[in-house]
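Please look over the sequence and the model shown here before reading on.

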Amino acid sequence: MSANSANTDAQQLKRTRIKLAAWWEANARDLPWRFGRTSPWGVLVSEVMSQQTQMSRVVPYWTDWMARWPDAQALADAPKADVITAWGRLGYPRRALRLQECARVVTEQYHDELPHTYEELIGLPGIGDYTASAVLSFAFGKRIAVIDTNIRRVLSRVFLGVESLGGAASPAERALANRVLPEQSGAGESVTWNQSVMELGAVVCTAKSPLCEACPVADDCMFLKLGRPGLGQRRTRPRQRFQGTDRQVRGLVLAALRELPAGASLPRKDAGKLWNDQVQLASCIASLDDDGLIEITEDDMLRLPQG
DNA sequence: CTCCCGTACT
DNA sequence: AGTACAGGAG
């Protein structure tokens, strides 16, 4: 690589950062956990709820949740059944259980304060690489590269001119994210960068039909320069169908239990009406029990976990 | 890599 | 009907 092209890359990067920061200032969605209006715990709750779930659906759940359980201690003390019920139709209810387990660890081991290191955060239930990085950046203002599906797609398009493919983030993708992350010279440039790249991916640089006409960094986007090669190319293998899967059956069982009066339980015989295939149903009930999402009483009744 | 869940898009 | 969504755990 010549000195000239390296210089050009540096200028492209600088322009991109400036334009994106300005775009963020003018266009950031006014989500209730943004702009310092909540605690680090509130940020964590928003991140967990947002895993594989659209933000627009998260907002009302987050608002009610935080009003009811403002901190880790409050959530730690709640009955499991209440937590599962409050999770409602957000999906992936094991997230709710893990969030409460996380709250209990934070309460007992960290005196109701989220830890400030990546190693400690990633050791908490339900917190992986993305969520740990997001909390460090968005809640604590630390300089760390946040890597999620949006950021991978945007960085790959803008700087490499190709679609981000495959499952887990590659070492090359991580290296790129770290290379373009602003130095923390002043007031949280890296935080704004993480948030604005992610936001751009969510509302402009979307997977299937990006709004390049409305993109603040279109002039410096390698993907657009190259004619958007392979646009919308499958990022992952075709997903497992939902109809008929254990996920559907588990969802049906849990929904039935959520609808019962508080503390009530459902005879297994009645649960049998929820699904035709009794073998699959029994297997799903057992797996829900294993996951701690339901309890099976001695007289073979199903209910949401007490305690 | 596979499974986990529910909704809103095209 | 298919697909995407601020992922995590086994």
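The report below takes up the nonpolar cores and then a pocket.

This is a predicted model, in which local features need pLDDT of at least 70 and side-chain atom pairs count only at pLDDT 80 or more, while totals for chains, interfaces and linings use all residues. Residues are numbered from 1 along each chain as its sequence is written, and side-chain values use heavy atoms, with hydrogens and water left out.

The largest nonpolar core (buried Ala, Val, Leu, Ile, Met, Phe, Trp, Tyr and Cys residues joined through side-chain atoms within 4.5 Å, buried being under 20% relative accessible area with a 1.4 Å probe, protein chains only) has 33 residues, of which Trp41, Trp65 and Leu114 touch the most other members. At least two residues of this core come from each of several helices, among them helix 2 (40-50), helix 3 (55-68) and helix 6 (94-109). Beyond its neighbours within four places in sequence, Leu114 is in contact (heavy atoms within 4.5 Å) with Pro40, Trp41, Leu44, Val106, Leu121, Leu124, Val135 and Phe140.

The second largest pocket is lined by 24 residues, and those nearest its centre are Gly91, Tyr92, Pro93, Arg247 and Gly251. Helix 13 (246-259) and helix 6 each supply at least two lining residues, with helix 13 giving the most, eight residues. The classes of the lining residues are tabulated here.

| Class in the lining of the second largest pocket | Residues |
|---|---|
| Nonpolar | ten residues |
| Polar | six residues |
| Charged | eight residues |

Methods
Chains are lettered from A and ligands numbered from 1 in the order in which they are written. Buried means under 20% relative accessible area, exposed over 50%, partly exposed in between (1.4 Å probe, protein chains only). Helices (H or I, at least four residues) and strands (E, at least two) are DSSP runs, numbered from the N terminus. On a 1 Å grid over the protein atoms alone, a cavity is a set of points where a 1.4 Å probe fits but cannot get out, and a pocket is an open set with protein on both sides within 12 Å along at least five of seven lines; lining residues have an atom within 4 Å of a point. Ala, Val, Leu, Ile, Met, Phe, Trp, Tyr, Cys and Pro count as nonpolar, Asp, Glu, Lys and Arg as charged, and the others, Gly among them, as polar.
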